[in-house]
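Biologist: I am new to this structure and would like to go through it slowly. Could you put it on the screen before we begin?

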Amino acid sequence: LPGGISIGVYPLLVFVVALVSIGALQLLFYRTALGRAFRAASDDADTAELMGIDNRHLYALALGIAMIFTALAAVLFGIRTNFDPAAGPIRLILAFEAVIIGGLGSLWGTLIGGMVLGIAQAVGAALSPTWQILAGHIAFLIILIVRPSGLFPRTRD
């Protein structure tokens, strides 16, 4: 790319898979009857059940969809990165930060939040290897101070 920037084939593949995955979830949640049922059950499960939605079946479908995307992410993550049982907490914190940066309820915002964290960590690593993780946390705190509801919140208080 211009300016001496290079992007690897595998990171580009992961980015494309992320775009397709988020696009598919967006279509599912906002363009189908099943998506309306998911949203209705998440807003008020009792009322959704009174309207004829089988919550147990819906929760099973939601778990199945979540496991599909979890397996996809695990394969893509496992190919590139070493991991062990103790690696979970830092990954969970970074995932939480990406969701908060993007704005609660925004699928595309979560992708942008992850990109912001990744770019901040890359800049921090370029400054000093010890700054990599800290730079991501600092970016999170700055965005939280400037925009407490995230960059692209789905709901407003």
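Biologist: Which pattern does the protein follow when it is read along the sequence?

Modeller: Please keep in mind throughout that this is a predicted model. The protein has seven helices and zero strands, and reading along the sequence therefore gives helices alone, in the pattern α-α-α-α-α-α-α.

Biologist: What share of the residues in the protein is buried?

Modeller: The C-alpha atoms fill a box of roughly 55 × 35 × 35 Å, taken along the principal axes. A residue counts as buried when its relative accessible area is under 20%. Of the 157 residues in the protein, the buried ones make up 24%.

Biologist: How is the aromatic pair of Phe-29 and Phe-38 described: stacked or edge-to-face?

Modeller: A search of the whole structure finds two aromatic pairs, and one of them joins Phe-29 and Phe-38, with 5.8 Å from centre to centre and 85° between the planes. Because planes over 60 degrees apart count as edge-to-face, the pair of Phe-29 and Phe-38 is edge-to-face.

Biologist: Which residue of that pair, Phe-29 or Phe-38, is buried?

Modeller: Phe-29 has 23% relative accessibility and so counts as partly exposed. The relative accessible area of Phe-38 is 11%, and since buried means under 20%, the buried residue is Phe-38.

Biologist: In which helix does Glu-49, a member of the negative surface patch, lie?

Modeller: The negative surface patch is formed by Asp-43, Asp-44, Asp-46, Glu-49 and Asp-54. Glu-49 is partly exposed, with a relative accessible area of 43%. The helix that holds Glu-49 spans residues 45-50 and is α3.

Key:
Residues numbered from 1 in each chain as written. Predicted model: local features only at pLDDT ≥ 70, side-chain atom pairs only at ≥ 80, totals over all residues. Heavy atoms only, no water. Phe/Tyr/Trp six-rings, centres within 6.5 Å; stacked < 30°, edge-to-face > 60°. Buried < 20%, exposed > 50% of the residue type's maximum accessible area, 1.4 Å probe, protein only. Patch = residues over 30% accessible without salt bridge, like charges linked within 9 Å, V, L, I, M, F, W, Y side chains within 5 Å. Areas by Shrake-Rupley, 256 points an atom, 1.4 Å probe, with all protein chains shown as cover. Salt bridge = Lys/Arg side-chain N within 4 Å of Asp/Glu carboxyl O. Lys, Arg positive; Asp, Glu negative; His and termini not counted. Charge placed at Lys NZ, Arg CZ, Asp CG, Glu CD. Helix = DSSP H or I, 4+ residues; strand = E, 2+ residues; numbered from the N terminus.
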